[in-house]
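User: I am new to this structure and would like to work through it in questions and answers. Please give the reasoning before each result.

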Amino acid sequence: MKLSLYFKLAVVAFIAVCSGAGAGFAQSEAAPDEENCLICHRYPNLGRYDEDGTRRIYYINDVLFGNSVHGEARCKGCHTDLDKIPHDEVKKVDCATQCHIKEPSSNLDFSHKNMVKKYDNSVHGQAADEKKKFPEDLPTCTYCHENRSYNPYEGAWGKSAALALETLARCQACHTEKAWTEEIYAHFTHRMRRQREQDEIIRLCTSCHENEEKMTRHGLEAVSTFKDTFHWTMVKYGVENAPDCISCHVPVGYTTHEIQPRTDPVSPTNKRNRVKTCSNQGGVQECHPGATADFAEGRVHAYGSKVQLLTAREAVIAEAEAEDSVMLIRAREEVSDEEIFHYKILSLIRLVYQVLIGSVIGFMVLHQLLDFRRIRKKMKTEGTHH
Amino acid sequence: MSHNEITMEQGKMSKEKEQGDTPLYFVRLNFNERVQHMIFVVSFIVLAATGFMVWIPETTLDFLGGAKETVFTVRGVLHRMAGTAMIIVSAYHFYYLIFKRAGRRWLFDMMPRPKDIKEFIHNMLYYIEVKEHPPEFDRFSYKHKMEYLALIVGTGLMSASGLILWAESFWDKFIIDIAALIHGMEAVLACLAVMVWHMYEVHLRPHKFPGDNMWLTGIIDEAEMKEEYPLHYKRIMSDPKLRKIYLTKGPKQDE
Amino acid sequence: MNKEKKASIFTRAFRMIKKSGLFLIKVIYLLPFFVFGLWLLGLVYFPGFDLNASISLLRYRPEPQVLPVVIPKKEAVPRDHFHMIDAYVEKSAKPPPICVMCHGRYAHDKEKKVRALLNMHEGFISCSVCHVRKGGENIPDGPRLGNEISAFLWRVWATGEFKKAVEGEYGKYPATIFPVKVNEQGIRQILTPISESAARRFLEISPELNTEQFDAARAKLHEGISKEPVSCNDCHKKDGYLDFIQLGFSRQRVDHLISNEFVGMINKDKTIHLPSVIDFREAPQTE
């Protein structure tokens, strides 16, 4: 008993020390404001409405910015043309700009140019396909990225902030420049794990991909069908490593910036890569270790609008044909006869059950209501007898 | 307690009873059947609760907070455990039907007969007050037989589809889709049927509300026997063999 | 006779209570079955229907495009702001000045060069501080209302009390500066240049007015507003319109507020060219 009490006390003390230490790590200093931008930009209400009604917020929280991934960059490193006050005719920030951060391995000015180039060639990018219609629908860097804060790395070992401090202390044994080491450490560990929870990823992707109108004009299916899968159930319950969009569409070994449509042979969701995606992602993530080709090549999302369109009444198809609908063209290219057959069978089973449940339960309710009425009546008449 | 012991004991009791004019009690479910039923009930409730948790909308889950993941893990384990229990008890039930005397009697009494259709029509007429008296039911009426059939079919479908889903990697995805669909739809049908048909029949009918304890004690008194299963009552009273089997002492001595 | 009647009433009441109590218990006992059954039927026949989502759709949302505050991590779908900002952008004076009813947030939009800077003051200065000029009689056609200002005081949002100084810095205060009128009994109250009822009436009838009537009504409504608002240079100078010391600012802050840096920047006829910053920082040395 006594021993366990001491043990508990020790655990409590340990947790207290760790959380204190973690808090200490999290609060690093605000960025030095060498350009003196904060003289105005630290006021929360600095802002205005655009002529088109967009709200512009020009407020910067210096502490948050100092702790962010861009905390070392100067304002003008990205906002390159802000060289007079008042700032007029401001260009949008281009992430491919070379800022004054030195890339430590090469000592050259750093830029996101590589990434931007890769991204432009991906399915979401502008440059890959000149014919792309509705370029305004395509997400740009800031659609998915914000200026995230660094957090101390909390690993698999008990999610402890103390671990971060311990590791950092080891780094600092050699790298005595404290601020620099902290910065590099924070940057390094920040890249060691995914930054968003599963439901955040899903909200981010579905903010476009669930938009029926947007998807239809690109000939894509809206992905609310994901929510009919068991994958979504796991996400719903916040299960660690639950499969979200990224897990299958950008598995280990792929990058989001180079994402390709599933018809592309390099895509992890292409049929020839499916077994690997489901069973073993580079030896790291094993979701369905025994997955066979039959299992993996089947449909993951529930059947959506394409199959529905192909199996619709002839009038609907004729209408789509007349409109030259991208959806119909792509549906005919992509949906196999086998899938249509599967969809029909599943719909049939669903229909059978809908009819069955309705009639069986309806009969039962009616039967029991009659029974109820008869028994009440009988009890009443018997009651008068007594 | 084995079946033979029960009948012997009950035989003794009925002999004693015939001498005095103490009230008569009848066995509806013997101990073995009550245990089967109890395991089935518990596993059914666990399966329904943990199963339909999958369909709870995400916004409703917020109240669980950080415990969501644990709840999910426990949910999965419990569902599989309860499913296994249900399959085992169902398999045992088949064994019971074939290899035990009481089971064979159960199966024989449960067999559908043309009489059931007549009784159903008669009962409907009784409900709408064309006939003044309900039909004379034997041990199992058409209600029990329909329910028993549905139970066998439903448990079979649920077990098969559940096992397919459990070993998902071995199957064609199409098979899994079908299994998942049937598993869900059949679950809805089963739960609704159990609530409307079975729960009402045994617990919620006005003269039984809010609950009957026959599923725990297994016996009913003479008045109820006469009222609900008059034909069976007559058969028992006229056949000394059946009297040995079905007549028992009062509920307190049953333990 | 009488007694019997009374008793029967009591018995009847007792029976009623007993009966309704029993009914209630029955309902409580059976309701879960009903709800569960209905939910299951809903799942089979209306699979896409989400009750919670439908309820939240019905809920009133005042400003649909308002940026989701990014600090709580769960809300971080950053479609509105790249920089991580805090909840202060959404804080505003409570109760909001009457002007906000029509002019909304970020009311300044005419002077393109300084509008954002002017809007910045909304977080901690009420409109009437600048738009009802104290000592209005000195200006031809100036509103009389200006004469009634006795002092400028912080009004704390949470409590509504007036204070000479509050905690906070750089626009992040839990209070707003209001012009305050002190009446004969010594009671301090906010000076409101526009009556709320008149403003509401104006909003109601304005769609039916023709242009002339509209202009006249608008002019009438804004009678108390000074034609020439207090400008940047009026405050940001030595011994300016507002007494920063009286409002509880530190000596250092006041020096900063009236420094050349500020005054130069806000002179709207002038453009300041910022020097391109040359990066003198050396590349990190590795050992």
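User: Is A:Arg203 buried, partly exposed or exposed, and which class follows from its relative accessibility?
Analyst: In this predicted model, A:Arg203 has a relative accessibility of 31%. Buried would require under 20% and exposed over 50%. The class of A:Arg203 is therefore partly exposed.

User: Which side chain meets that of A:Arg203 in a salt bridge?
Analyst: The two residues of the pair lie four residues apart in helix α9 (residues 198–209) of chain A, so about one helical turn separates them. The closest approach listed for the salt bridge is 3.8 Å, N to O. The partner counts as partly exposed at 25% relative accessibility. The partner of A:Arg203 is A:Asp199.

User: With which residue does B:Glu58 form a salt bridge?
Analyst: The pair crosses between chains, and B:Glu58 sits in the loop between α2 (31–52) and α3 (68–99) of chain B. On the chain A side, the partner lies in the loop between α10 (212–217) and α11 (230–236). B:Glu58 is partly exposed, with a relative accessible area of 25%, and for the partner the value is 32%, also partly exposed. With closest N and O atoms 3.8 Å apart, the partner is A:Lys227.

User: How many residues apart in sequence are the parts tied together by B:Lys145 and B:Asp116?
Analyst: The side chains of B:Lys145 and B:Asp116 meet in a salt bridge of 3.0 Å, N to O. B:Lys145 belongs to helix α6 (residues 142–166) of chain B and B:Asp116 to helix α5 (residues 114–127) of chain B, so the pair joins parts of the chain whose separation in sequence is 29 residues.

User: Are B:Lys145 and B:Asp116 buried or exposed?
Analyst: The cut-off for this class is under 20% relative accessible area. Both B:Lys145 and B:Asp116 are buried.

User: How many salt bridges does the rule find across the interface of chain C and chain B?
Analyst: The contact involves 13 residues from chain C and 15 residues from chain B. About 1,300 Å² is buried between these chains, and carbon and sulfur atoms give 83% of that area. The rule also finds zero residue pairs in polar contact there, counting pairs with both at pLDDT 80 or more. The number of salt bridges across this interface is zero.

User: Which helix gives the most to the side of chain C that touches chain B?
Analyst: By class, this side of chain C has nine nonpolar, two polar and two charged residues. The greatest contribution is 11 residues, and the element that gives them is helix α1 (residues 2–45) of chain C.

User: Why is strand β3 of chain C largely enclosed by the rest of the structure?
Analyst: The strand spans residues 175–182. It runs antiparallel to strand β1 (residues 151–156) of chain C, with six bridges between them, and antiparallel to strand β4 (residues 188–190) of chain C, with three bridges. The strand is largely enclosed because the buried residues of β3(C) number six of eight.

User: Which residue in β4(C) is the bridge partner of C:Val180?
Analyst: Within β3(C), C:Val180 is also the bridge partner of C:Ala151. In β4(C), the bridge partner of C:Val180 is C:Ile190.

User: Which residue takes a positive phi in the hairpin of β3(C) and β4(C)?
Analyst: This hairpin has five residues between the strands. The phi value in question is near 85°, and the residue that takes it is C:Gly186.

Note on methods. Residues numbered from 1 in each chain as written. Chains lettered and ligands numbered in written order. Predicted model: local features only at pLDDT ≥ 70, side-chain atom pairs only at ≥ 80, totals over all residues. Heavy atoms only, no water. Buried < 20%, exposed > 50% of the residue type's maximum accessible area, 1.4 Å probe, protein only. Pairing = 2+ DSSP bridges. Contact = heavy atoms within 4.5 Å. Buried area = accessible area lost by both parts, 1.4 Å probe. Salt bridge = Lys/Arg side-chain N within 4 Å of Asp/Glu carboxyl O. Polar contact = N/O pair within 3.5 Å; in protein donor to acceptor, adjacent residues only side chain to side chain. Nonpolar A, V, L, I, M, F, W, Y, C, P; charged D, E, K, R; others polar.
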